[in-house]
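These are my notebook entries on one protein chain. I set down what I looked up, entry by entry, in the order in which I looked.

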Amino acid sequence: MTEPITTYKTSGNIEIIRADFPILSRKVNGKPLIYFDNGATSQKPKSVIDALDNYYSNQNANIHRGVHTLSQEITLDYENARTTIQKLLNAAYSHEIIFTKGTTDGINLVATSFGKRYVGLGDEIIVSAMEHHSNILPWQQLCDEKGAILKVIPINDAGELQLEEFKKLVNSKTKMVAISHVSNTLGTINPIKEIIKLAHAKNVPVLVDGAQAVPHTIVDVQELDCDFYCFSGHKLFGPTGIGILYGKEKWLNAMPPYQVGGGTIKTVSFEKTEYADPPLKFEAGTPHIAGAIGLAAAIDYVNAIGLNTIASYEYELLTYATEALQKIDGLKIIGTAKQKASVISFIVDGLHPFDIGTILDQLGIAVRTGHHCTQPLMARYGISGTVRVSFAFYNTKYEIDEFIEGLQRAIKMLK
Ligand code: PMP
């Protein structure tokens, strides 16, 4: 990521920013909350909470189907939210943006719909050894149903994809490469532009799981030239239950609907149904309208700070915490790629991650412990789980100092 900038850390902006997040001022177990579980879900600024409140207090109506004022107003806001996301990802058209429930839902949509049309007996799907279960299971299930084969790009000990191996895996039977932009467990930032280029050279489309990337870095789907890109609103400081699938127009036009029902059609008779064009073809039923509005508010908030500023500041936090952790005896960082986002996984000799997490919780420090929905990755390292800290732009070096002190205390108590 880019080099640190100094204005953000020295101007006092951080306290102003923290004040925008009501939950950051609460106490947990009598201690000020230190929230280092942003990879699981991030906290919400007041503007997002207010947008949700305002929707239910003043705007609530269903979209796309009403002539009355409330329905028309909220339809406009819902479609404006789509445009906000189009701009965030620099998609060519707003109809390439599908509202989903989240990353998992987006991947299931593509695996089911694309899979139905394009995957058959003996075909191959490529994922990587560091994928979240949400980017393995939909493809594994598709392969089971169709008699297709799941291939896996291996990683090196640092947690980087072995691109030479990837080149050997892509062939005329490959129907899809599904790969994470940033690993939720290792923090590795994958060279997805290069992967997409290599896959496209063999006419293979690429789905990118962007769940851990969008909150931390600028994503330009046209520059990447990816075919599909998924992310979750709740990791981007927005509401739960809302997410985004970007799909290239040509694929969305060609793919059958995922779920069918109200909102997905042009005409219906008992003999024949004509489906709507994307995005409505893929948005069956009443969507999470409040979620879309809240997600747009979250994007406005993030844009006001700037994703470049966020990336630079988080790089500082990552470097600071990594250096401090490396000094602790018996501690091993899992995931030491050259390109990393602000996620650090580690294990401590002889100690169970769960026990460390439990003691840290007593100190008001929220970390994640376990396999992080990446069991095949844990198997690759021969471990059952890690402790993971993941930072957001509202975290501080002071909090990292407190965490390191707490961790040292936990290790002393448990050894
Ligand atoms: N992929 C990655 C890389 C993730 O980190 C996560 C969430 N931990 C998911 C997919 C699934 O996201 P969601 O639960 O929001 O669908």
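**Entry 1: Thr 396 and its surroundings**

I began with the contacts of Thr 396: neighbours within four places in sequence aside, Thr 396 touches Ile 14, Arg 18, Tyr 313 and Leu 317. I note at the outset that the model is a predicted one. Thr 396 sits in the loop between β17 and α15. Is Thr 396 buried or exposed? I find a relative accessibility of 12%, and Thr 396 therefore counts as buried, the cut-off for that class being under 20%.

**Entry 2: Helix α15**

I then turned to two residues of α15. Glu 399 belongs to this helix, and so does Gly 406. For Glu 399 I read a relative accessibility of 3%, which places Glu 399 among the buried residues. Which residues does Glu 399 contact, apart from its neighbours within four places in sequence? I list Arg 18, Leu 33, Ile 34, Tyr 35, Phe 36 and Tyr 394. Arg 18 thus appears in the contact list of Glu 399 and also in that of Thr 396.

Gly 406 is buried as well, with a relative accessible area of 3%. With the neighbours within four places again left aside, I find Gly 406 in contact with Leu 360 and Leu 363. I also looked up the C-alpha separation of Gly 406 and Lys 327, which is 14 Å; these two residues lie 79 residues apart along the chain.

**Entry 3: Helix α13**

Leu 360, a contact of Gly 406, led me to helix α13, which covers residues 353-362. Its buried residues are Pro 353, Ile 356, Gly 357, Ile 359 and Leu 360. Why do I describe them as lining one face? Viewed down the helix axis, the buried residues of α13 fall within an arc of 165°, so they line one face of the helix. I recall the general rule here: an α-helix has 3.6 residues a turn, so residues three or four places apart point the same way.

What do the buried residues of α13 pack against? I find four strands, β14 (343-348), β15 (365-366), β16 (368-370) and β17 (386-390), together with helix α15 (397-414). After α13 comes Gly 364, with a positive phi near 85°.

**Entry 4: Backbone exceptions**

I next searched for departures from the usual backbone geometry. Most residues other than glycine have a negative phi, and most peptide bonds are trans.

Asn 29 is not a glycine, yet I read a positive phi of about 50° for it. Asn 29 is placed in the loop between β1 (27-28) and β2 (31-32). Its relative accessibility of 42% makes Asn 29 partly exposed.

Asp 225, also other than glycine, has a positive phi near 65°. I locate Asp 225 in the loop between α9 (221-224) and β9 (228-232). With a relative accessible area of 34%, Asp 225 is partly exposed.

Which peptide bond did I note as cis? The bond from Pro 278 to Pro 279 is cis, and its omega is near 10°. Pro 279 lies in the loop between β12 (273-275) and α11 (289-305).

**Entry 5: Two further helix residues**

Ala 19 is part of helix α2, residues 13-19. At 62% relative accessibility, I class Ala 19 as exposed. The C-alpha atoms of Ala 19 and Gly 106 are separated by 33 Å, the two residues being 87 residues apart along the chain.

Gln 140 is part of helix α6, residues 137-146. I class Gln 140 as partly exposed, at 37% relative accessibility. Between the C-alpha atoms of Gln 140 and Val 127, 13 residues apart along the chain, I find 9.8 Å.

**Entry 6: The whole protein**

I closed with the overall values. The protein has 15 helices and 17 strands. Of its 415 residues, 55% count as buried. The C-alpha trace spans about 70 × 55 × 35 Å along the principal axes. I compared the radius of gyration, 22 Å, with the value near 22 Å for a compact globule of 415 residues, and the two agree.

Among contacts with a separation of 6 or more, 72% join residues 24 or more positions apart. The exposed area is about 17700 Å², of which carbon and sulfur atoms supply 52%. Lastly, I looked up the charges: the mean positions of the 39 positive and 43 negative charges are 4 Å apart.

Key
Residues are numbered from 1 along each chain as its sequence is written. This is a predicted model: local features need pLDDT of at least 70, side-chain atom pairs count only at pLDDT 80 or more; totals for chains, interfaces and linings use all residues. Side-chain values use heavy atoms; hydrogens and water are left out. Helices (H or I, at least four residues) and strands (E, at least two) are DSSP runs, numbered from the N terminus. The radius of gyration is taken over C-alpha atoms; the globule rule is 2.2 Å times the number of residues to the power 0.38. Buried means under 20% relative accessible area, exposed over 50%, partly exposed in between (1.4 Å probe, protein chains only). Contact means heavy atoms within 4.5 Å. Accessible areas come from the Shrake-Rupley method with a 1.4 Å probe; for residues, only the protein chains shown count as cover. Lys and Arg count as positive and Asp and Glu as negative; His and the chain ends are not counted. The place of a charge is taken as NZ of Lys, CZ of Arg, CG of Asp or CD of Glu. The arc is that of the directions from the helix axis to the C-beta atoms.
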